[in-house]
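Subject: Structure for you to look at

Hello,

Here is the structure I said I would pass on. Please open it alongside this email, and my notes follow below.

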Amino acid sequence: MEQRHLGRTGLRVSRIGLGTLTWGRDTDEHDAADLMKTFWEAGGTLVDTADVYGDGDAEYLLGRLIDGLVPRRDLIISTKAGSVPDPDRRFDGSRGHLLAALDASLARLGTDYVDVWHVHSFDPDTPLEETLQALDIAVSSGRARYAGVSNFCGWQLAKAATWQLSAPGTRTRLAATQMEYSLLQRGIEREVLPAALDLGIGLLPSSPLGRGVLTGKYRGDALPPDSRAASEHFSPFVEPYLDDTAGRIVDAVTTAADGLAVTALQVALAWVRDRPGVAAPIIGPRNAQQLTAALSVEALTLPDEICRALDDVSAPVHRYPDHDWSTL
């Protein structure tokens, strides 16, 4: 698998990442081991998790597979901290919470360091410089090799990155931002992606298959019984992308796939993988068969005319102030 630099750093990652959102809940140890082995044998290196996935079980399960199945040195492990199971405060970006969460993650993973550590989301109740200081401490102490953020909007990302760059040698520059990005969700193109490109921050798209909808499995009225849309805890996650607008985009993806003699999954994943600024989309297959199907995209590069057609059918409405105001 091709390797790419993560933003403006020397760290190289596989251009497809393996996500672990369902590990420890819907994905058991046997399936996780099959996924990890298949990914590693295909040349994959980037494995993404978070301290809240499966209430910590995803990290614990990943830790059990490190070295026993796949050498730690062959993996780029990315994890996140900051989300909390508190209905009154969904995010805690305080220095104390973040560093304690990192130590807990390292214990579950059974490793001395993570390669990339992200703040899971912006916390409006904590001064940003306090949140970012946790990243500096993590890197300077060796517990994290690189740092990033996740789910920051454009001004939040630009402010955080600029703050870090204002004291080179003292503060660690942001290497990555993890954001949802697909043909069904192009909102980051408004401000986040331009900021990331300008500041040298690598983009790690989550849900690059539109929460599974872009595979074409939900065409028609019936929901596949083993799909996430049919599951109790994932159906609210998928439902927003089952509307008529999404349907038209899925139809276009399917048409392109038929013309290229490939699958809708391959077309949708290739599109986001090769967008400007993207380092590695993070996919979340449930089994090795799904993973193998996704990894087959390595051999596919979409023709320019297909990319333009998909761009047009999925184009978000961005007017003022993104376009030249004098033309509005």
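Which residue follows H6, and what is the sign of its phi? The residue is Gly200, and its phi is positive, near 75 degrees. Please keep in mind that this is a predicted model.

The helix before that glycine is worth going through residue by residue. H6 covers residues 192-199, and its buried residues are Val192, Leu193, Ala195, Ala196 and Leu199. Looking down the axis of H6, you will find these buried residues within an arc of 160 degrees, so they line one face of the helix. Their cover includes helix H5 (154-165) and two strands, S8 (174-180) and S9 (202-206).

Next, the nonpolar cores. The largest one has 85 residues, and the members that touch the most others in it are Trp23, Trp117, Leu157 and Val253. Helix H9, residues 264-273, supplies the largest share of this core, with 8 residues. Another core lies apart from it and has 12 residues, including Leu46, Ile76, Val116 and Ala279.

Last, a pocket. The second largest pocket has a volume of about 440 Å³. It is lined by 14 residues, of which Val52, Ser83, Val84, Pro85 and Arg90 are the closest to its centre. Sorted by class, the lining of this pocket consists of 6 polar, 5 nonpolar and 3 charged residues.

Regards

Terms used: Residues numbered from 1 in each chain as written. Predicted model: local features only at pLDDT ≥ 70, side-chain atom pairs only at ≥ 80, totals over all residues. Heavy atoms only, no water. Buried < 20%, exposed > 50% of the residue type's maximum accessible area, 1.4 Å probe, protein only. Helix = DSSP H or I, 4+ residues; strand = E, 2+ residues; numbered from the N terminus. Arc of directions from axis to C-beta. Contact = heavy atoms within 4.5 Å. Core = buried A, V, L, I, M, F, W, Y, C linked by side-chain atoms within 4.5 Å. 1 Å grid on protein atoms, 1.4 Å probe; cavity = no way out; pocket = protein on both sides within 12 Å on 5 of 7 lines; lining within 4 Å. Points joined across faces, edges and corners; volume = space filled by probe spheres on them. Nonpolar A, V, L, I, M, F, W, Y, C, P; charged D, E, K, R; others polar.
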